[in-house]
Structures are given as C-alpha cells and as structure tokens.
Amino acid sequence: MSSPDPTSPELTAGARRRVHVRIWISEHFRISEIQSTLLWAALIGFLGAWSSILFKEATEFIHEMLTGQGGSYVESFSHLAWWQRLLVPTGGGLLAGLTLYFGSRLKTQESSTDYMEAVVVGSGNLSVQVSLVKSLSALFSGASGASIGREGPLVQLSSLVASVAGRWMKFPLARRRQIVACGAAAGIASAYHAPVSGAFFVAEIVLGSLAMESFGPLVVSSVIATLTTRGYHGSEALYAAPVFTLRDTREFIPYVLLGIGCGLIAPLFLRFLKDSEAMFSKLKLPLYLRLALGGAIVGVLAIYRPEVTGNGSSLVFGILNHPGTWQALAIVLACKLLATGATFGSGAVGGVFTPTLFTGAAVGYLFGEMCRWILPGWGLEPGAFGLVGMGAFLAAATGAPVMAIIMLFELTLNYQILMPIMLAGVISYYVCRSITPQSLYGDALKRKGQVAVTEYLAKLKVGDLMSQTQEPIPAEASFGEVVRTFLQSRREFLNVVENGKFVGTISLHDIKPYLDQPDLESLLIAKDVMRDDTCSLEFHQTMSEALHVFGRAEAECLPVLDKDSKFLGSVTKTDLLLFLAGTSKHAEN
C-alpha cells in the first residue's frame with residue numbers, strides 16, 4: 001500500500017490531532033519571546049559558569065607544573081628559590097606574549113574581538129579564534145604569577161559561549177547582543193560568587209541601562225552561574241571576614257573621610273595604569289618581549305616580596321582576617337602597585353578588578369590604623385575600614401557605585417558594614433568624577449566605539465534588526481499545507497505572500513474552527529483563512545517609528561516590507577525592546 005503524499009491538501013487524522021495539541025499548548029503554555037530569552041539566559045549562565053570553572057582549574061594545574069607547589073600563589077612563590085621567583089613570571093610572560101604574537105595573525109573580519117565591543121556596538125558575534133588566543137595568553141600570564149585579575153578571560157570565555165549559541169540559533173541582532181551580555185554577567189558572577197553584582201556590572205558599565213527587558217535576563221544568567229559555581233566550589237563567602245559592628249553613629253565621620261580619600265586616590269590609580277601602558281608602548285619592543293619584561297619586573301619584586309604575585313585575592317583575605325603590621329602592609333601595597341602596573345602596562349590579557357579590590361582594602365586598612373591611633377577611645381576596627389575602603393575605591397574606579405556596594409556585600413556577606421559602604425561609596429564616586437570623568441573601563445568602552453553610538457543609532461533602521469529565518473507561505477497554499485507548516489515550524493504566525501507581496505498573516509488560532517470540518521479543508525487555501533488587516537513595518541523605518549507601530553498593533557511579531565510591499569523578514573517586539581534598552585543610555589551620552 002502506498003504511503004500518504006505529504007503534499008496532499010487532505011489532512012490525516014494524526015496531523016489533525018497534533019495540531020489540536022499544538023493549539024491547546026499554545027493557549028495554556030504559550031512561551032513568549034522574552035520567556036524564551038530568559039530560558040536561554042539560564043542556559044548561558046550554566047555553560048558560562050563551567051567555562052569559568054575549567055579555566056580556573058587549568059590555571060591552577062599549569063601553576064603547579066611551573067612552581068611544583070599548590071595552594072595560594074603567595075605561598076607557592078614563598079617556597080621557591082630567588083632565581084625561580086624571577087624565572088617563572090618572566091617565562092610565563094614570554095609564553096603569553098608569543099601566544100598573542102602568533103595569534104594576532106588570525107584575521108577576523110565579521111566578528112568582534114572583545115565582549116564589550118560585541119555588546120555595545122557590535123553584531124554580538126565574537127571571534128572564536130581570537131577569544132581562545134586571548135584566553136590562552138591569559139592562562140599563561142595568570143598561572144605564572146602575573147599581577148592581574150582573572151575576570152577578563154572568564155568574562156571573555158563566557159561571552160564566547162553565548163556568542164556561539166546566538167549564531168547557532170540565528171538570533172536577530174538585539175537578541176545576540178543581549179545573550180552575549182548574559183555571558184559577560186555569568187563570567188563576573190562565577191568569578192566572584194556574586195549574582196546580583198554580576199548583573200549590575202554589565203547593566204551599569206557595559207549596557208548603561210537597568211531596563212527590565214535587558215536587566216531581567218542578566219539576573220537569570222548571573223544567578224544560574226553562581227549556583228553552578230557554588231555547587232562546585234562551595235557556598236562560602238569569597239572574602240569571609242569577622243563580623244564588624246557599628247558601635248556608635250560617630251564612626252560614620254571617619255568613614256566619610258575615607259570615602260573622600262578613596263575618591264581622591266582613585267584618579268591617581270587610573271592615571272598610573274594609563275601611564276604604565278604608555279611607558280611600555282614607548283619601548284618599541286615586540287609584544288612577546290614586552291610581556292616578558294613585565295613578567296621580569298614582577299619576578300624581581302617577588303624576590304623581595306612574594307606577595308606581589310597573583311591577582312591579590314589572598315592578600316585581600318589576609319587584610320580582613322590577619323593583616324599583620326601596618327608597615328608591612330604599606331610595603332606590600334607599594335610593591336603590588338608596581339607589579340600590577342608592569343603586568344597591565346606590558347599588555348597582558350586579564351583584568352584589574354581584584355587588584356583594585358586589594359588597593360582599596362589596603363588603603364582602607366591603613367586609614368583605619370591611622371584613625372585608631374588618632375582616636376583611641378572610639379574603638380575603631382581597621383578591618384572594617386578595609387571592607388569600606390574596598391567598596392569605596394571600587395565605586396570610584398569603576399564609576400559604578402551601585403554595583404560596588406552590592407558586590408562588597410556579596411563578597412563578604414557582612415550586612416553590618418553595608419551602610420558605611422553605601423555612604424563612602426557614593427561620596428568617593430562623586431569626588432572621583434569631579435576630578436576626572438575616566439573610569440576603569442571607560443577607555444575600553446571608548447575604544448570599542450561607545451563614543452560613536454549616537455551616530456550609529458541614528459543610521460540604524462528596521463531592516464538592520466529583522467530576522468529572515470521565517471519563510472512566508474503562498475496565498476494559494478492548501479489548508480493542509482498551512483497546518484503542516486505550523487507543525488513543522490512551531491511558529492504562532494505565518495506570513496502570507498501573493499506574487500512576492502505580503503497580503504496578510506495566519507495565526508495558529510485562525511485555523512482552529514476549520515480543523516473539524518473535513519469537507520471545507522479540501523476547499524480552503526491560505527488566503528481564505530488569513531487576516532488582511534495586519535500592521536507591518538517598512539525596511540527603512542527607524543527604531544522609534546517601529547516602536548510606535550508595535551504600540552498600535554499590540555502584536556509580538558510584525559512583518560518587514562519594502563516600498564513595494566515585498567516581504568523581507570520579521571521583527572519581534574522583544575528584540576526591539578532589548579535593542580532600545582541596551583542602547584538608550586549610550587545615545588544620551
């Protein structure tokens with residue numbers, strides 16, 4: 001017996017039952033575009049967390065190979081001979097530089113090389129080759145004791161995972177950029193066990209928007225990433241410290257002074273990092289020799305003070321728990337700043353987030369010691385000033401006070417110190433901004449194109465945002481073809497064209513009345529069941545004009561046409577809102 005013809009206009013009983021199920025599911029369990037984005041954000045958070053875990057494990061493995069020691073970097077370098085303390089960072093810098101040198105020959109024409117560029121003005125596509133090269137270089141730098149943070153490669157890898165997923169699913173422009181932003185949030189959250197501040201980091205610093213359309217997916221991604229990381233490493237606070245309590249309201253006076261001091265010092269710190277870059281660039285050395293030189297400077301300092309190696313996380317923990325004498329801390333602070341400047345200035349891939357935390361903690365602790373000496377009867381605790389100094393200095397340096405305040409609470413889980421951090425953080429932010437508009441990531445965003453975003457937005461049209469993945473259905477298609485298309489594509493709407501021109505849409509619910517009327521099924525065509533009063537967008541319309549059309553139409557997805565009504569693609573309201581939410585603040589700048 002011959003099998004049924006799949007192109008036959010008649011529907012089988014099985015097909016009729018399946019489409020009834022589709023309609024029932026659509027009516028009771030309909031997943032909107034934004035819900036779909038949240039599901040993808042959760043998946044990106046999970047995958048991004050595992051990319052961070054694997055990178056950390058690989059770094060520790062290579063570090064143990066290079067030094068023969070486990071544990072913290074300070075401890076492992078303390079057990080090395082003087083020549084090994086010099087050789088390991090120098091060799092690591094050379095390997096990191098050679099990786100970048102040969103990796104720079106990889107050409108990337110269609111993809112961004114940095115997650116900030118991909119999110120702010122890019123297409124949401126990150127170059128796989130360049131991202132892996134940068135991460136491998138960061139692996140060598142970090143494992144050999146370079147004084148630089150790990151958040152850079154962790155965020156890059158998480159964003160890369162998101163970018164690959166967005167390309168694989170052929171997401172539209174706005175959705176791809178949002179997914180990459182979710183990857184960045186997952187990277188920060190998994191690096192510091194800080195889900196809320198991971199979301200705020202991307203929202204405040206990269207996107208510049210707290211609109212729920214863009215902020216909601218960041219939160220989901222950050223939370224899932226943190227849960228995944230805590231499931232592997234444990235749920236303890238990253239910088240667990242004794243519980244500091246406020247005994248008297250007058251203690252806020254020195255905290256205000258600390259906020260002012262951090263606001264004054266932060267511009268000097270930013271200028272120091274920038275001058276370090278300029279100094280190394282004047283040497284006219286090949287990239288691999290510059291990184292080797294930066295490693296050699298760290299090695300020389302490590303001979304005297306092994307505390308300069310690594311990102312500084314163990315130093316922060318030490319300040320909060322067993323700081324030692326203030327004189328020793330002052331020396332370590334000076335040496336650590338030199339090591340960070342040498343590593344960052346030489347061009348090593350990484351971040352300065354954790355070194356910034358250490359600088360703030362050290363400045364705060366030293367200020368607290370001074371206040372305790374001047375005001376012996378007040379019962380001040382220098383460790384508490386170390387915590388507040390971390391938050392205040394981070395707020396001033398990054399230009400993101402809300403993120404800094406929340407992050408300090410998540411890093412320490414110490415609620416009692418939250419009010420002083422809030423006060424000092426806001427004060428330090430305003431003091432720093434009154435001196436310089438620059439921030440830790442300001443120059444990076446400028447290089448990635450934030451300055452040109454206003455002009456970029458003015459040129460963007462609906463056609464730049466539309467998706468071309470949905471093929472229209474001919475107006476003369478049989479009712480059976482319409483039903484089979486719904487079953488195969490799992491779409492809620494079909495666009496109908498006649499002679500290449502758009503004539504209307506068919507919703508899944510429009511075909512419901514005809515499913516139990518077999519006599520009509522063989523007579524009906526797509527044009528008979530379509531709606532011809534559907535609103536549409538034009539290819540050349542601006543984003544704001546498109547938003548007004550969506551407001552009138554009250555639809556989730558609209559077709560995009562050219563001036564002759566030819567069907568070109570479609571745009572969803574979610575993608576439009578994600579795009580506008582992610583770029584509105586940049587346009588104001």
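This note sets out numbered points on side-chain contacts, surface features and burial in a predicted model.

1. **Aromatic pairs.** The rings of the model form 11 aromatic pairs. One of these joins Phe-269 and Phe-393, whose ring centres are 5.4 Å apart. The planes of Phe-269 and Phe-393 meet at 65°. Because planes over 60 degrees apart count as edge-to-face, the pair of Phe-269 and Phe-393 falls in that class.

2. **What the Phe-269 and Phe-393 pair connects.** Phe-269 belongs to helix α11, residues 252-281, whereas Phe-393 belongs to helix α16, residues 382-398. The two positions are 124 residues apart in sequence, so the pair ties together parts that are distant by that count along the chain. Are these two residues buried or exposed? Phe-269 is buried, at a relative accessible area of 5%, and Phe-393 is buried as well, at 0%.

3. **An aromatic cluster.** Tyr-101, Phe-102 and Tyr-288 are linked into a cluster by ring pairs. A reader inspecting the aromatic contacts may wish to view this group together with the helix-to-helix pair of Phe-269 and Phe-393.

4. **Charges over rings.** Two arginines deserve a look in this respect. The charged end of Arg-175 sits over the ring of Phe-171, at 5.4 Å from the ring centre. For Arg-305, the ring concerned is that of Tyr-304, and the charged end lies 6.0 Å from its centre.

5. **Arg-305 in a second contact.** Besides sitting over the ring of Tyr-304, Arg-305 forms a salt bridge with Glu-307. The closest N and O atoms of Arg-305 and Glu-307 are 3.2 Å apart. Glu-307 has a relative accessible area of 18% and is therefore buried, the limit for that class being under 20%.

6. **Salt bridges within helix α11.** The whole structure holds six salt bridges. Among them is the one between Arg-271 and Asp-275, with a closest N to O separation of 3.1 Å. Both residues lie in helix α11, four residues apart, or about one turn of the helix. Arg-271 is exposed, with 54% relative accessibility, while Asp-275 is partly exposed at 35%. Helix α11 thus carries this salt bridge and also supplies the buried ring of Phe-269.

7. **A salt bridge within helix α15.** Glu-369 and Arg-372 form another salt bridge, in which the closest N and O atoms are 3.0 Å apart. Helix α15, residues 353-374, contains both partners, and they are three residues apart, about one turn of the helix. Their accessibility falls into separate classes: Glu-369 is buried, with 16% relative accessible area, and Arg-372 is partly exposed, with 37%.

8. **A nonpolar surface patch.** Leu-43, Phe-46, Leu-47, Trp-50, Leu-54 and Tyr-232 make up a nonpolar patch on the surface. Together these residues have about 550 Å² of accessible area. Which element provides the largest share of the patch? Helix α2, residues 33-67, does, with five residues. Trp-50 lies in helix α2 and is partly exposed, with a relative accessible area of 34%. That value places Trp-50 over the 30% needed for a patch residue.

9. **Cysteines.** How many disulfides does a search of the whole structure find? The result is zero. Two cysteines may be described by their accessibility: Cys-432 is buried, with a relative accessible area of 0%, whereas Cys-535 is partly exposed, with 28%.

10. **Ile-188 and Ala-199.** Ile-188 is placed in helix α8, residues 173-192, and is buried, with a relative accessible area of 1%. The C-alpha atoms of Ile-188 and Ala-199 are 8.2 Å apart in space, and the two residues are 11 residues apart in sequence.

11. **Val-74 and Ala-302.** Val-74 is found in helix α3, residues 73-78. The residue is buried, at 15% relative accessible area. Along the chain, Val-74 and Ala-302 are 228 residues apart, yet a distance of 9.1 Å separates their C-alpha atoms.

Note on methods:
Residues are numbered from 1 along each chain as its sequence is written. This is a predicted model: local features need pLDDT of at least 70, side-chain atom pairs count only at pLDDT 80 or more; totals for chains, interfaces and linings use all residues. Side-chain values use heavy atoms; hydrogens and water are left out. Rings of Phe, Tyr and Trp (its six-membered ring) pair if their centres lie within 6.5 Å; planes under 30 degrees apart count as stacked, over 60 as edge-to-face and the rest as tilted. Buried means under 20% relative accessible area, exposed over 50%, partly exposed in between (1.4 Å probe, protein chains only). A charge sits over a ring if NZ of Lys or CZ of Arg is within 6 Å of the ring centre and within 35 degrees of the ring normal. Patches are made of residues with over 30% relative accessible area and no salt bridge: like charges are joined within 9 Å, nonpolar side chains (Val, Leu, Ile, Met, Phe, Trp, Tyr) within 5 Å. Accessible areas come from the Shrake-Rupley method with a 1.4 Å probe; for residues, only the protein chains shown count as cover. A salt bridge is a side-chain nitrogen of Lys or Arg within 4 Å of a carboxyl oxygen of Asp or Glu. A disulfide is a pair of cysteine sulfur atoms within 2.5 Å.
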